[in-house]
Every structure is written in C-alpha cells, then in structure tokens.
Amino acid sequence: MHFIDLGAQRERISGKLDAAIAKVVREGKYILGPEVTEFEKRLADYVGVEHVIACANGTDALLMPLMAKGIGPGDAVFCPSFTFAATAEVVALAGAEPVFIDVDPDTYNINVEQLEAAIAAVRAEGRLQPKAIIPVDLFGLAANYTSLSAVAAREGLFVIEDAAQSIGGKRDNAMCGAFGDVAATSFYPAKPLGCYGDGGAMFTNDGALAEVLRSVLFHGKGETQYDNVRIGLNSRLDTIQAAILIEKLAILEDEMEARQVVAKRYANGLKDVVKVAHMPEGSRSAWAQYAIETRNRDALKAHLQANGIPSVIYYVKPLHLQVAYERYMRAPGGLPVSETLPQNILCLPMHPYLSEADQDRIIGTIREFHEKRA
C-alpha cells in the first residue's frame, strides 16, 4: 500500500507522458519551450486567473512576490506557524521578519482573529512595518479569504496565497490559486498537481505585477536577459516538466472528484472514533493530505505500521519552535493550537487511486485499534 500512489497515475497516462517528453527532447527547446506557455495558459483557464507565471519551484513562487513588492528589512509578514518551513523561510530570505500566527483548531488555517491582534501588536511596538500576509491552504483546504481580504484591505497589506497544497480546491466557487493579490503553488511530485521534479507557479490578475515577476524569475531582465533592470533569480520551469504537467492537468478535475470520494469514505468510516478532517460549507479541498486527530496517535501510528499501512505526521513541530525561527515574533496570546496539534495529528494514505479495499482495511485497522482501547 502506498501513502501516495504516483505509479497508478503514471500508468494511466504513460503513453501521453512518453510522447510529450519525447517531443521536447526531439525539438530541443529545453528552456522556455512552447509547452511552458501552453501550460501557463491552460492552468490560468482552470484556476480562473489572467496570469500564470511558471517557475522553478514552490519556494521561489512564494519568494518572488515579496521581491517584486520590495518587501524586506524592517517589514513584518504574517504567516501561520503550523505549516511547512517554506512559508516563513521566504520571508527571512527576503530580509523581512515573519510574525507567527496560530491556526484554527478545525481547519488548520490561519486564525484571522489572532492575526488582527498581531497586526495591532506590531504597529504598537513600532519596530516593524506590517506589509503582507501569507495564508496557507493547508492540506488542500482554502483559508478564509473573505475575512482575510477584509483585514488586508483595512490594514493595507499585500496577500500572498500559499496554494502549494491546494490546486484543485475551491471556496465559494473560486478556485484555490485565485485568492489574494498573488498566489503561489508547488509542483513537487507529491502535490495534487505535481511534476517529475521541482516546479512552481504564481497566479495573479495584476498585469503589471505579472510582468515584474517574469523579470524577477529570469535574472531581473528587462528587454533581454542581458538588460538587467532589477535583482532577480534563475527560476524557470523546465520545458519537460511543463509538458508533463499539461498531461497531468488534463486529468486533475477527474482526480479531484476521486479524492472527494476517498475523503468522504474516511469521514463516514472514522468520525465516531477519531476527529476527522473538517470541511466548511462551500469548500472543496484538494486533499493533499487527509488528517485525523487522536490522543493515542503514536500508538495508532505504530499499529498501522505493524499492519503494513503507511502514515505520516504533518507537522512534527510548529515553525515558531524550530531553531531557525524561534527568535521571530509571535502573536499575542501564544500559539496553543499549533503546539498541541503535533501530538495528536496523523495523515493517512490519500490519493485518487486508493482502492475501496485498501481504504476499508485502513478504516478497519483504525477502528480495531480504538475498540480495543475502549
């Protein structure tokens, strides 16, 4: 049994993948070939934004909007602590300071009420200037952008949606990647839309911002790469990866529907023995992960492993307690949810090709474990 079964997906579209890769190799346009432009257009159509700017990885996709807006030393960027390191890492790399916010205990997304308190605290202290918010669509579920947008508008803050796990997800009929002033995603192989290496993209409806982002990702180029008008990076999506992503995007919506079936089956089979994933009304998660919570997490994980069932703890430690980030500011009142979750959370196998038989075995093994302890 696989935690994420990329092999089943590859088998489904292997012929198309082989042909797409062979075409790129044959034509020799390995950097910024036509497939990159085609993929950007198709993804923009899918997400419902005007501009998609493909790049080398999801971390760069988060960093470059900060660079484009000149966010750096003396600036504060607000982000959740219960997430992957890249969300805060890019803030520090830009020279700004992350300010850590707790997460909602049900959605695991940024706590908007505490965010407001943190903005006020930063302004009161006067050392940093609040500049941006990076909400994370954790495990594939969109953050509360209705409330976040209101806060950002009132406070004059730039919003970067971290959609690294959520392409294919929705909230209120808008696709993840379409929220905020700009969004960033990752095409790391294990993501709901992943390539066969590293890759990423940025999404925006702001044409001027899109133009700057295209400059930043190509060494800060102006008219040509030898006309450098700003400090930039080398962060282009390889043509081969774009060709692969075109084929994967073509089946993404079908895979999204399959993920909903798996998630619903988990919820129905486990909701009376563990805390199952929460799904707000009007939302569709991309289900990058399926998380449960239980007080007997470590023993359950060992029981699953003994029965040949993989599981993963996301995340073992919140960012504000990590050595690299412990010196940065935290929201008033502390981050109790982010500190408690690592003791209880466990992510189960989740992918569109998880068979009913395998899922029944996972559910049955978890139920058996809890019934023995009842």
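A polar contact, as I use the term here, is a pair of N or O atoms within 3.5 Å. I worked throughout from a predicted model.

**Entry 1: helix H4.** I looked first at the start of helix H4, where Asn57 caps the N-terminal end. A side-chain oxygen of Asn57 lies 3.1 Å from the backbone nitrogen of Thr59. I then checked burial along H4 (residues 58-68): 8 of its 11 residues are buried, so the helix is largely enclosed by the rest of the structure. I noted the buried residues as Gly58, Asp60, Ala61, Leu62, Leu63, Met64, Pro65 and Leu66. After H4 comes Gly70, and I recorded a positive phi for this glycine, near 70 degrees.

**Entry 2: Lys191.** I consulted UniProt, where an unreviewed entry lists Lys191 under "modified residue: N6-(pyridoxal phosphate)lysine". I located Lys191 in the loop between strand S8 (182-186) and strand S9 (200-204). Neighbours within four places in sequence aside, I found Lys191 in contact with Ala164, Gln165 and Ser186.

**Entry 3: nonpolar cores.** I found 35 residues in the largest nonpolar core; Phe139, Tyr266, Leu270 and Tyr290 are among those with the most contacts inside it. Elements giving two or more residues to this core include helix H10 (252-270), strand S11 (290-293) and helix H13 (356-373). H10 supplies the largest share, 5 residues. I noted that domain 1 (6-101 + 110-247) and domain 2 (252-372) each contribute at least three residues to this core. I followed Tyr266 further: beyond four places in sequence, it touches residues including Tyr290, Leu348, Met350 and Ile363. I also recorded a second, separate core of 34 residues, which includes Phe100, Ile160, Leu209 and Leu213.

How values were computed:
Residues numbered from 1 in each chain as written. Predicted model: local features only at pLDDT ≥ 70, side-chain atom pairs only at ≥ 80, totals over all residues. Heavy atoms only, no water. Core = buried A, V, L, I, M, F, W, Y, C linked by side-chain atoms within 4.5 Å. Buried < 20%, exposed > 50% of the residue type's maximum accessible area, 1.4 Å probe, protein only. Helix = DSSP H or I, 4+ residues; strand = E, 2+ residues; numbered from the N terminus. Domains from an automatic or database assignment. Contact = heavy atoms within 4.5 Å. UniProt positions renumbered as here; feature names shortened; annotations may be inferred. Polar contact = N/O pair within 3.5 Å; in protein donor to acceptor, adjacent residues only side chain to side chain.
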